[in-house]
Amino acid sequence: MRNVEIKAKIKDYKEICKLAEELSGGPPTIINQDDTFYKVNHGRLKLRVYRDKSATLVRYDREDNGEPNLCEYELLNFSKEESDKPKLLDEMLRKCCGTRGRVIKERKLFMVGQTRIHIDTVKDLGHYMELEVVLDDSQSLEDGQKIAKELQNKLQVRDEDLIHCAYVDLLDKL
């Protein structure tokens, strides 16, 4: 699976939530996420656990340069009925790889066409915006970059507010 992503620090949380709601035509879906990142040699690997105890193992790889970049990812989902499996997987990954960090956030998800707008409140970091333009097989990186840039402008996010890394990287610097 592929998407084009950008991420930015938010200056005005209420205003960007209002703009995202207008663009999506409705209120957000609220998602509470607890991500554990593991030490890996290439890309990133995290186990995301949700409030209802369902979980997703996410492997992804993207350049961190602040531009709308291609992100290739794979997902392995666990239902809340399988809540024992993510716990066991976490124990195994901790033993084999070690942990890199933990990111806890409340995410407001707005959908605009094929794009997920995330307005995140990240514990110990503050407010951020992330765009994920999910590409279909016929779309190029440039197609996704154009969509991301248009939404960035509509959300009034300035280029100088873009960040060039993942939340776990920002937490590493604290």
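A salt bridge is a side-chain nitrogen of Lys or Arg within 4 Å of a carboxyl oxygen of Asp or Glu. With that in hand, let's look at this predicted model, which holds 20 salt bridges.

A good place to start is a network of salt bridges that links Lys7, Arg107, Asp120 and Glu130. Within this group, Glu130 pairs with Arg107, their closest N and O atoms lying 3.2 Å apart. The two belong to distant parts of the chain: Glu130 sits in strand β8 (residues 126-134) and Arg107 in strand β6, 23 residues apart. Buried means under 20% relative accessible area, so Glu130 at 5% is buried, and Arg107 at 4% is buried as well.

Two further pairs also deserve a visit. Lys46 and Asp35 meet through their side chains in a salt bridge, at 3.8 Å from N to O. This contact joins strand β3 (residues 44-50), home of Lys46, to strand β2 (residues 29-38), home of Asp35, across eleven residues. Lys46 is buried at 9% relative accessible area, and Asp35 is buried at 0%.

Asp169 forms a salt bridge with Arg100, with 2.4 Å between the closest N and O atoms. Here helix α4 (residues 167-172), which holds Asp169, is linked to strand β6 (residues 99-112), which holds Arg100, and the partners are 69 residues apart. Asp169 is buried at 11%, whereas Arg100 is partly exposed at 31%.

The distances, side by side:

| Salt bridge | Closest N to O distance |
|---|---|
| Lys46 and Asp35 | 3.8 Å |
| Asp169 and Arg100 | 2.4 Å |
| Glu130 and Arg107 | 3.2 Å |

Conventions
Residues are numbered from 1 along each chain as its sequence is written. This is a predicted model: local features need pLDDT of at least 70, side-chain atom pairs count only at pLDDT 80 or more; totals for chains, interfaces and linings use all residues. Side-chain values use heavy atoms; hydrogens and water are left out. Helices (H or I, at least four residues) and strands (E, at least two) are DSSP runs, numbered from the N terminus. Buried means under 20% relative accessible area, exposed over 50%, partly exposed in between (1.4 Å probe, protein chains only).
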